[in-house]
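Open the model in your viewer and keep the selection panel at hand. We will go from stop to stop, and at each one you get something to select and a note on what is there.

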Amino acid sequence: MTSPITQLPVHSDLDLPALFDAQRQAFANNPMPPAAQRRQWLRSLREALLQNQQSLIEAIDRDFDGRSADETLLAELMPSIQGLRHAERHLQRWMKPSRRTVGLAFQPASAQVLYQPLGVVGVIVPWNYPLLLAIGPLTCALAAGNRVMLKLSEASPASGKALKTLLERVFPADLVSVVLGEVEVGQAFARLPFDHLLFTGSTSVGRQVMLAAATNLTPVTLELGGKSPAIVCASVPLETAAERIAFGKGLNAGQTCVAPDYVLVPRERLDAFAEAYQRAMRRLYPRIADNPDYSAIINTRQLQRLERLLTDARDKGARVLDLYADEPRQGRRLPPHVLMAVNDDMQVMQDEIFGPLLPLVPYDNLDQALAYINQRPRPLALYYFGYDRAEQAHVLRNTHSGGVCLNDTLLHVAQDDLPFGGVGPSGMGHYHGHEGFLTFSKAKAVLAKQRLNTARLIYPPYGKALQRLIFKLFIR
């Protein structure tokens, strides 16, 4: 690949059933691609991303009308490239059949698990990280030997066209294809009889996707987000906790499925934390209006949704602090806000925020904070700030979430050797690294026997002395 993707033609979408059938036929012709072929797929994709990174950055910036180029490098390109390298490096070991033990009663025999590609995988990609959340599942599905169809979000059209053109240049359509289109195209896409379907997005749309997939008994992986809490303990330095939470909330202006959604703070430290958080944000983003490091809200509809959350909270008694009240607004760059005196009647405490608004919730002891979390739907991520190992273990034992960071935010998602996925309302299933390979593979159990068949000892007619001895030996 030598040409930037912006100079390449963008082809129109194919008929969805015809495209699916072409991929299914191609899979039938090559149902178990060898490791060398899969590594070449991954290598070609990695090289294409490296050669076209500037064009991708510019396309994402156009969609957001102001997306930090460094955030795209840090949160999209870097983990995409590293994930591809990780899969290339470990693929041979992942593909190796796993030897298993055969029980004494069934000897002589051997047992193993073979990891076979599922077939044709569908991936529905959201707008907030249009590159990472396409390339991550694509990497896992290709490593597992599958054909892949990607439906990109209608809310990020420039990114969709750029990625479509790039992938069309790298792969034939019967191996990887990109589908563009509005909501009705996405609905038709979800109804295709995929061998597996991965969806990233809101919980409400996730329910619709799961219903559509159920018609074909298509297994699904759902990455849904939710309200990911952060807990600040009674002894952790506030400046440290505030800075790390500010980084997690400020990245992509909070439009991240694992962004800290609200913070539980000891009651006596509440005002001090709010002040430390404002200082931290000001260090990271000295200004908002024309700061290229601070990303805009993706579109007017999402900006208006966030403004309604602020209005609803104010009307219901919240104390809303605009951390940049001294500077004018520009475009769709919504400045960070802190919300205090919040309650469950406020919409901001009911729905995933997905923006730079941070409610603070006071608590009196750690168990009260954990009870607050456990009374609500299980989140995609949980963050705990405190250095006491016993307290850390207590939090891990007594909460459920898709993943956890101790004394940091977001970075667990970037670890290639950790699974990523939700639990309950925040999703189901995992991908990334080895878990992604397993998600898109069929673990086929194989028991092998040769000429000698000792199992004849348990064949009918029953009641023989040797059978009674076998029962006596093995049913105890």
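Start by selecting Glu223 and everything around it: leaving aside neighbours within four places in sequence, Glu223 is in contact with Phe199, Thr200, Gly201, Leu380, Phe420, Gly421, Gly422, Ser426, Gly429, His430 and Tyr431, where contact means heavy atoms within 4.5 Å. Before going further, note that this is a predicted model, in which local features need pLDDT of at least 70 and side-chain atom pairs count only at pLDDT 80 or more, while totals for chains, interfaces and linings use all residues. Residues are numbered from 1 along each chain as its sequence is written, and side-chain values use heavy atoms, with hydrogens and water left out.

Turn on the cartoon and you will find Glu223 in strand S7 (residues 220–223). Helices (H or I, at least four residues) and strands (E, at least two) are DSSP runs, numbered from the N terminus. Is Glu223 buried or exposed? Its relative accessibility is 2%, so Glu223 counts as buried; the cut-offs are under 20% relative accessible area for buried, over 50% for exposed and partly exposed in between, with a 1.4 Å probe and protein chains only.

**The annotated pair**

Add Cys257 to the selection. UniProt, in an unreviewed entry, places the feature "active site" at Glu223 and Cys257; UniProt positions are given in the numbering used here, feature names are shortened, and annotations may be inferred rather than shown by experiment. The two are spread over 35 residues of sequence, yet they cluster in space, with a largest C-alpha distance of 8.6 Å. From this set, Cys257 is part of the lining of the second largest cavity. A cavity here is a set of points on a 1 Å grid over the protein atoms alone where a 1.4 Å probe fits but cannot get out, and lining residues have an atom within 4 Å of a point.

Cys257 itself is in the loop between helix H9 (238–250) and strand S9 (262–266). With a relative accessible area of 17%, Cys257 is buried. Setting aside neighbours within four places in sequence, Cys257 is in contact with Asn128, Gly225, Gly226, Ser228, Glu352, Phe354, Leu380 and Phe420.

**Unusual backbone**

Phe354, one of the contacts of Cys257, is a good next selection. Most residues other than glycine have a negative phi, and most peptide bonds are trans. Phe354 has a positive phi of about 55 degrees although it is not a glycine. Look for Phe354 in the loop between strand S11 (337–340) and strand S12 (357–363), where it is buried at a relative accessible area of 16%.

Asn407 also has a positive phi, near 65 degrees, and is a residue other than glycine. Find Asn407 in the loop between strand S14 (403–406) and strand S15 (427–428); Asn407 is buried, with a relative accessible area of 11%.

Now for two peptide bonds. From Gln107 to Pro108 the bond is cis, with omega near -5 degrees, and Pro108 lies in the loop between strand S1 (98–100) and strand S2 (110–117). From Pro460 to Pro461 the bond is again cis, with omega near 0 degrees; Pro461 lies in the loop between strand S16 (441–448) and helix H15 (465–474).

**Helix packing**

Select helix H2 (residues 35–51) and helix H4 (residues 69–95), which pack at an angle of about 170 degrees with their axes 10 Å apart. That makes H2 roughly antiparallel to H4. Axes are lines fitted to C-alpha atoms, for helices over the stretch in contact, and angles run from 0 to 180 degrees between N-to-C directions; an angle over 145 degrees counts as roughly antiparallel.

Now swap H4 for H5: the axes of H2 and H5 come within 9 Å and cross at roughly 160 degrees. Here too H2 is roughly antiparallel to its partner, H5. Show side chains for Arg38, Trp41, Leu42, Leu45 and Leu49 of H2 and for Ile135, Leu138, Thr139, Leu142 and Ala143 of H5, which make the contact.

**Last stop**

Finish at Gly145, in the loop between helix H5 (132–143) and strand S4 (147–151). Gly145 counts as buried, at 1% relative accessibility. Beyond neighbours within four places in sequence, Gly145 is in contact with Phe27, Pro33, Arg38, Trp41 and Pro117.

Technical notes
Angles under 35 degrees count as roughly parallel, over 145 as roughly antiparallel, 65 to 115 as roughly perpendicular and the rest as oblique. On a 1 Å grid over the protein atoms alone, a cavity is a set of points where a 1.4 Å probe fits but cannot get out, and a pocket is an open set with protein on both sides within 12 Å along at least five of seven lines; lining residues have an atom within 4 Å of a point.
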